[in-house]
Amino acid sequence: MAKEKTVYSCTECGGSSPRWLGKCPHCEAWNTLVETVPDAPAGGGKNRFAALAKSTPVTVLADIEATEVSRAPTGIDELDRVLGGGIVEGGVVLIGGDPGIGKSTLLLQALDNLERAQIPTLYVTGEESGAQVALRSRRLGLDHSQVKVLAEINLEKILATLANTRPAVAVIDSIQTVYSDQLTSAPGSVAQVRECAAHLTRAAKASGTCIVLVGHVTKEGALAGPRVLEHMVDTVLYFEGDTHSSFRLVRAIKNRFGAVNEIGVFAMTERGLKGVANPSAIFLSQHTEPVPGSCVLVTLEGTRPLLVEIQALVDTGGPSPRRLSVGLDRDRLAMLLAVLHRHAGVACYDQDVFVNAVGGVRISEPAADLSVMLAITSSLRGRALPKGFIAFGEVGLAGEVRPAPRGQERLREAAKLGFSVAVVPRANAPKKGSRDLEGLTIHPVDRIEEAMEVVRSLA
Ligand code: TYD
Ligand code: MG
């Protein structure tokens with residue numbers, strides 16, 4: 001294929017330059033120029049209008065038939081849950097996650113299921129050889145798998161194979177290894193990843209093949225990785241969980257065909273990933289007796305409540321004490337410490353503060369605030385929270401405790417798992433008369449200092 005002349009365009013202002021420069025000549029931002037293939041020959045005047053004349057007529061929205069998308073379940077319930085019911089014809093799914101977390105394993109299992117259901121598949125591997133993929137499939141017990149495998153990293157060849165074999169679903173593992181002849185940049189660069197993903201997306205829409213792109217999250221937090229593709233694709237799934245524990249979470253952070261924030265929970269076993277149908281209690285560490293610095297939170301991920309233990313360690317710090325958080329937002333932690341000091345008189349300014357959400361789960365909802373603050377206070381004072389204690393609720397800058405969405409469901413889950421004491425925002429407490437929920441005593445609070453008072457009275 002003849003090489004088109006590439007240009008360098010700025011990711012900030014969209015301006016372009018015929019050669020690479022460190023600084024964008026238009027907006028003067030640094031390191032923003034990436035190589036791109038121009039869409040059409042850049043002609044001015046007449047040519048531009050000629051292109052406009054070819055545009056298609058517009059349609060009134062009400063006249064467009066709203067056809068339901070057709071889905072094929074992958075047969076892996078937890079994956080289907082995050083996909084919104086299964087793979088969608090012409091849909092493009094991006095699956096991101098740290099290396100070694102289980103992306104290839106899950107997708108191979110899914111493809112094998114689909115192939116068994118007579119849905120033609122294609123697994124394009126750019127990271128591993130066919131033999132390595134075969135080795136994995138044996139390990140997964142898929143000895144007679146009919147999944148078609150293509151070991152290729154050249155975009156043009158992949159597109160040609162897709163056009164020839166017309167699979168219903170194709171996995172590209174990974175998008176960072178694919179490169180296009182059209183660009184001179186190295187595979188894995190922002191330019192290559194974007195260009196290749198754009199072509200594959202177009203191919204998916206044109207042919208109806210569902211394309212699943214695998215993307216590694218890079219150390220720097222994913223530039224040149226999945227992040228640059230999020231806007232192009234229909235569904236974005238991220239793997240979470242630390243590779244040391246066997247649990248893995250797959251979270252939908254964008255889904256044009258289903259709910260977002262839905263999660264699928266898996267356990268990595270000797271024979272691949274197995275769905276965990278009832279995951280609510282897996283993120284609790286098993287203390288026989290309550291320990292200081294630990295508070296259980298009921299978080300609501302997608303449609304399912306999850307109980308997650310929040311751990312805090314507060315220890316005398318140096319001249320500039322550290323604030324570190326794993327699985328929780330660090331800026332939010334700083335804010336909560338300020339609220340604790342100002343409204344509850346708990347001072348940590350000369351202390352190192354570490355917080356962690358057990359099990360490698362990432363919690364972004366503010367309903368975790370109250371648990372985080374109670375865990376910090378518990379660690380600072382060296383006093384454990386009562387046995388069977390849970391808390392949730394957002395805490396505002398004025399020290400008020402705000403309700404969390406769907407509080408009843410959270411409380412019911414905690415009661416089901418045998419928790420006995422709960423401190424929750426007043427609006428989340430059941431109406432008078434039903435303060436006791438199957439053995440769970442509920443203490444509604446309006447303010448953070450009130451929550452502290454309740455905890456003190458329970459000790
Ligand atoms: P993999 O799917 O290769 O990760 P990714 O594609 O996200 O980089 O998963 C690799 C890890 O999973 C590796 O550490 C081995 C482990 N594993 C199992 O524990 N059991 C299995 O059955 C398989 C196939 C892998
Ligand atoms: Mg892999």
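Biologist: What covers the buried residues of α7?

Modeller: In this predicted model, the cover includes β17 (323-326), β18 (351-357), α8 (369-381), β20 (394-395) and α10 (448-458).

Biologist: Which residues of α7 are the buried ones?

Modeller: They are Leu333, Leu336, Leu337, Val339 and Leu340. Each is called buried because its relative accessible area is under 20%.

Biologist: What puts them on the same side of α7?

Modeller: The arc they cover around the axis is only 165 degrees, so they lie on the same side of α7. The opposite face, turned away from the buried side, carries the exposed residues Asp331 and Arg342.

Biologist: How do you know that the span of helix α7 agrees with 1.5 Å a residue?

Modeller: Helix α7 runs over residues 330-344, which is 15 residues, and the expected span is 21 Å. The end C-alpha atoms are 20 Å apart, so the two values agree. Just after α7, Gly345 has a positive phi of about 65 degrees.

Biologist: How many disulfides does the structure hold?

Modeller: Zero. Cys24 is in none, although the sulfur of Cys13, the nearest cysteine sulfur, is 3.7 Å away. A disulfide needs the two sulfur atoms within 2.5 Å, so the pair Cys24 and Cys13 does not qualify. For Cys348 the nearest cysteine sulfur is that of Cys295, at 15 Å, and Cys348 is in no disulfide either.

Biologist: Why is Cys24 called buried?

Modeller: Its relative accessible area is 1%, and the cut-off for buried is under 20%, so the word applies. Cys348, at 4%, is buried too.

Biologist: What makes Glu115 and Lys148 a salt bridge?

Modeller: Their closest N and O atoms are 3.4 Å apart. The limit is 4 Å between a side-chain nitrogen of Lys or Arg and a carboxyl oxygen of Asp or Glu, so the pair counts. Glu115 is in helix α3 (residues 103-116) and Lys148 in strand β8 (residues 148-151), so the bridge ties together parts 33 residues apart in sequence. Glu115 is buried at 12% relative accessibility, whereas Lys148 is partly exposed at 41%.

Biologist: Where do Arg139 and Glu270 lie along the chain?

Modeller: Arg139 is in helix α4 (residues 130-139), and Glu270 is in the loop between β13 (263-269) and β14 (272-275). They are 131 residues apart, and the pair links distant parts of the chain. Their closest N and O atoms are 3.9 Å apart, and the two form a salt bridge. Within 4 Å is the requirement, so 3.9 Å passes. Both Arg139 and Glu270 are exposed.

Biologist: How many residues apart are Lys416 and Glu413 in helix α9?

Modeller: Three, about one turn of the helix, which covers residues 407-416. Residues three or four places apart point the same way, because an α-helix has 3.6 residues a turn. The side chains of Lys416 and Glu413 meet in a salt bridge at 3.5 Å, N to O.

Biologist: Why does Lys416 count as exposed?

Modeller: Its relative accessibility is 56%, and exposed means over 50%, so Lys416 falls in that class. Glu413, with a relative accessible area of 10%, is buried.

Biologist: Which residues are linked in a network of salt bridges?

Modeller: Arg332, Asp369, Glu394, Glu400 and Arg402. A search of the whole structure finds 21 salt bridges.

Terms used: Residues are numbered from 1 along each chain as its sequence is written. Chains are lettered from A and ligands numbered from 1 in the order in which they are written. This is a predicted model: local features need pLDDT of at least 70, side-chain atom pairs count only at pLDDT 80 or more; totals for chains, interfaces and linings use all residues. Side-chain values use heavy atoms; hydrogens and water are left out. Buried means under 20% relative accessible area, exposed over 50%, partly exposed in between (1.4 Å probe, protein chains only). Helices (H or I, at least four residues) and strands (E, at least two) are DSSP runs, numbered from the N terminus. The expected span of a helix is 1.5 Å times one less than its number of residues. The arc is that of the directions from the helix axis to the C-beta atoms. Contact means heavy atoms within 4.5 Å.
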